[in-house]
Amino acid sequence: MTVTPEQINEQLVALACRSNFKIKNISEYMLPNSKEAIYLHVEGGQTKLVLRPALEVFSDDFNAMDGVSRIAGFFHSSEMTRFPTRIFKSANPIHYGIGFKMTSVEGAKTFITQLVKIING
């Protein structure tokens with residue numbers, strides 16, 4: 001069973017992340033006490049959190065958490081404006097990041113808490 005976007009939103013707000021905007025099916029959040037952005041993407045009932053590609057070094061740690069699974073490859077979206085760009089399926093660069101599917105509320109909470117610890121050192 002997957003987690004609803006509302007449940008992940010509740011976890012983000014409870015952990016002091018602030019919402020900047022929502023465009024189409026992407027919402028941008030800023031982690032507390034930092035300028036680090038993460039994105040919440042919802043499509044076809046599947047909810048995923050997308051991180052900057054530089055955080056890929058922590059993929060195995062995040063993937064080992066119960067209720068969290070890494071989505072293979074990179075996730076691309078022009079709305080993720082705080083992320084780097086690369087050429088993907090066209091001549092124009094597009095923003096990209098690494099996606100993680102949340103399958104439990106507790107997994108989402110653990111994931112966000114660990115991410116905040118990593119970013120804030």
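# A tour of the chain, stop by stop

Read from start to end, the chain follows the pattern α-β-β-β-β-α-β-β-β-β-α. The model on screen is predicted. Colour the chain by secondary structure, and 3 helices and 8 strands can be picked out.

**Whole chain.** Start with everything selected. The C-alpha trace spans about 40 × 30 × 30 Å along its principal axes. A compact globule of 121 residues would have a radius of gyration near 14 Å, and the 13 Å of this chain agrees with that. Now show the surface. About 6400 Å² is exposed, and carbon and sulfur atoms supply 51% of it. Buried residues make up 41% of the 121 residues.

Next, colour the charged side chains. There are 13 positive and 11 negative ones, and the centres of the two sets lie 6 Å apart. Contacts can be looked at as well: of those between residues at least 6 apart in sequence, 57% join residues at least 24 apart.

**The largest core.** Select Leu49, Leu51, Met102 and Phe111. These four touch the most other members of the largest nonpolar core, which has 22 residues. Two or more core residues come from each of helix 1 (5-14), strand 3 (37-43), strand 4 (46-51), strand 8 (93-102) and helix 3 (105-120). Which helix gives the most to this core? Select helix 3: its contribution is 5 residues.

Keep Leu51 selected and show what surrounds it. Beyond residues up to four places away in sequence, Leu51 touches Ile38, Phe62, Phe83, Gly97, Ile98, Phe100, Phe111 and Leu115.

**A second core.** Now select Ile26, Met30, Phe75 and Met80. They are among the 8 residues of a second, separate core.

**Ser27.** Move to strand 2 (residues 26-30), where Ser27 is found. Is Ser27 buried or exposed? Its relative accessible area is 9%, so Ser27 is buried, the limit being under 20%. With neighbours within four places in sequence left aside, Ser27 is in contact with Phe21, Lys22, Ile38, Tyr39 and Leu40. Ile38 also appears in the list of residues that Leu51 touches.

**Leu55.** Go on to the loop between strand 4 and helix 2 (59-63), which holds Leu55. This loop residue counts as buried, at 5% relative accessibility. Show its contacts: apart from residues up to four places away in sequence, Leu55 touches Glu36, Ile98, Leu115 and Ile119. Two of these names, Ile98 and Leu115, are also on the contact list of Leu51. Then draw a distance from Leu55 to Asn25. From C-alpha to C-alpha they are 22 Å apart in space, with their positions 30 residues apart in sequence.

**Two positive phi angles.** The last stops concern the backbone. Most residues other than glycine have a negative phi. Select Ala16, in the loop between helix 1 and strand 1 (18-23). Ala16 is not a glycine, yet its phi is positive, at about 70°. With a relative accessible area of 48%, Ala16 is partly exposed.

Where is Lys24 found? Look in the loop between strand 1 and strand 2. Lys24 has a phi near 55°, again a positive value in a residue other than glycine. Its relative accessibility is 68%, so Lys24 counts as exposed, the limit being over 50%.

How values were computed: Residues numbered from 1 in each chain as written. Predicted model: local features only at pLDDT ≥ 70, side-chain atom pairs only at ≥ 80, totals over all residues. Heavy atoms only, no water. Helix = DSSP H or I, 4+ residues; strand = E, 2+ residues; numbered from the N terminus. Rg over C-alpha atoms; globule rule 2.2 N^0.38 Å. Buried < 20%, exposed > 50% of the residue type's maximum accessible area, 1.4 Å probe, protein only. Contact = heavy atoms within 4.5 Å. Areas by Shrake-Rupley, 256 points an atom, 1.4 Å probe, with all protein chains shown as cover. Lys, Arg positive; Asp, Glu negative; His and termini not counted. Charge placed at Lys NZ, Arg CZ, Asp CG, Glu CD. Core = buried A, V, L, I, M, F, W, Y, C linked by side-chain atoms within 4.5 Å.
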